[in-house]
Amino acid sequence: MQLAKVLVVHKKSTYQIQAQEHKEARFLKLMETGSDVVRRVKLAHEEHMETLSLVESELSKRNIEFQSLWRSQVPGLVQDVDLLISVGGDGTFLDASHALRNVPILGVNSATSSSFGHFCMASKSNFVDVLESILSGAIEPIDVLRLELAIDGIAVEELVLNEALIAHSSPAATSRYFLEVNGKKEEHRSSGLWVSTPAGSTGSIRSAGGRVAKIDSRNYEFMVREPYMRPHEKFEVLNGLVDDKQEMKITSQMRTGEIYIDGPHIIYPLGLGEELTIKASENNLRAFIDANVNDIFAHSN
């Protein structure tokens, strides 16, 4: 693969934000006293900065033109580059993925002492080898399924790489909605509804009892969280796989329902009577990821 131009997207570490930029008094006090709450923060920061420096240095050595941006600086859809390299953890990778349609992505876990980096094929220890393998064509990106959402027919900008959660805006309140999927329609009361891609099947939906899929699978999964059933009542549509040719519909019975996309930062309101449709997107994420990366979770179930 030829790399003439690369975009490097990196996170700000917790230490950068709270100690260096905001100089938060409580955070600094915890650092001074060696509190377990922040014990690894400085180490993670140093690891992150060393990894970012390595990535930029290795690109420069190969005369690859690159721009380096914090993830908050990414301007809409990324185009006109050959590769996006995310330097951080899974959160940075997920954020960066929302800016991509055709550009491939490589994740670099920048602080392995504190970050699992499930989506990250590279780290400081093997980045050079992975970069050389990309340049030589020894490894190629795989297509990873994403989901597209629409509210009352209006498309949501971000494509879901990991999971979507549909729930009441208050975690203590009951989530109420109609679910239509796989030819069935059911009215639910629960703490929310997970809808997960194969990439996200190792996350929250697994913790809730869902299946772990191969990352290149073409089915996606839904699971109702903590369904509330009255005596003698039984829900039939609580968990299942959806073919990538099929869609789901969720009609809100909540005045202040919300949709959370790939974590807590991207939130869309879902008001009373509004209809959310979910289906597989034609825009797969092209990612340098090991096709067997989810297996470790499947074997641990």
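This dialogue introduces a sheet, a pocket and a buried residue in a predicted model.

Student: How should one begin to read a sheet, and in which order do the strands of the open sheet stand here?

Tutor: Strands of a sheet pair through backbone hydrogen bonds, either parallel or antiparallel. In this model, six strands form an open sheet, and their order is β14-β13-β12-β9-β16-β17. The pairing is antiparallel.

Student: Which strands stand at the edges?

Tutor: The edges are held by β14 (239–242) and β17 (266–270). Each has a single partner strand, so one side of each is left without a neighbour in the sheet. On average, neighbouring strands of this sheet are turned by 20 degrees against each other, direction ignored.

Student: How many bridges join β13 to β14, and how many join β12 to β13?

Tutor: Strand β13, made of residues 220–225, pairs with β14 over four bridges in the antiparallel sense. Strand β12, residues 192–196, pairs with β13 over five bridges, again in the antiparallel sense. One residue of β13 helps the eye to follow both pairings: E221 stands opposite L241 in β14, and S196 stands opposite E221.

Student: Is β13 mostly covered or mostly exposed?

Tutor: In a regular strand the side chains alternate between the two faces of the sheet. As for β13, the strand is mostly covered, with five of its six residues buried.

Student: Let us turn to empty space. How much of it lies in the largest pocket, and which residues lie nearest its centre?

Tutor: Rolling a probe the size of a water molecule over the atoms shows where empty space is left. Here the largest pocket holds about 390 Å³ of space. Its lining consists of 17 residues, and those nearest the centre are K11, K12, S13, T14 and R71.

Student: Which helices supply at least two residues of that lining, and of what kinds are the lining residues?

Tutor: Both α1 (14–21) and α3 (41–61) supply at least two residues each. The largest share, three residues, comes from α3. By kind, the lining divides into five nonpolar, nine polar and three charged residues.

Student: Finally, consider a single residue. Is S97 buried or exposed, and what does S97 touch?

Tutor: A residue counts as buried when its relative accessible area is under 20%. S97 has its place in helix α4, residues 90–97. Its relative accessible area is 0%, and therefore S97 is buried. Leaving aside residues up to four places away in sequence, S97 touches I105, R146, L161 and L285.

Terms used:
Residues are numbered from 1 along each chain as its sequence is written. This is a predicted model: local features need pLDDT of at least 70, side-chain atom pairs count only at pLDDT 80 or more; totals for chains, interfaces and linings use all residues. Side-chain values use heavy atoms; hydrogens and water are left out. Two strands pair if DSSP finds at least two bridges between them. Axes are lines fitted to C-alpha atoms, for helices over the stretch in contact, and angles run from 0 to 180 degrees between N-to-C directions. Buried means under 20% relative accessible area, exposed over 50%, partly exposed in between (1.4 Å probe, protein chains only). On a 1 Å grid over the protein atoms alone, a cavity is a set of points where a 1.4 Å probe fits but cannot get out, and a pocket is an open set with protein on both sides within 12 Å along at least five of seven lines; lining residues have an atom within 4 Å of a point. Grid points are joined across faces, edges and corners, and a volume is the space filled by probe spheres set on the points. Ala, Val, Leu, Ile, Met, Phe, Trp, Tyr, Cys and Pro count as nonpolar, Asp, Glu, Lys and Arg as charged, and the others, Gly among them, as polar. Contact means heavy atoms within 4.5 Å.
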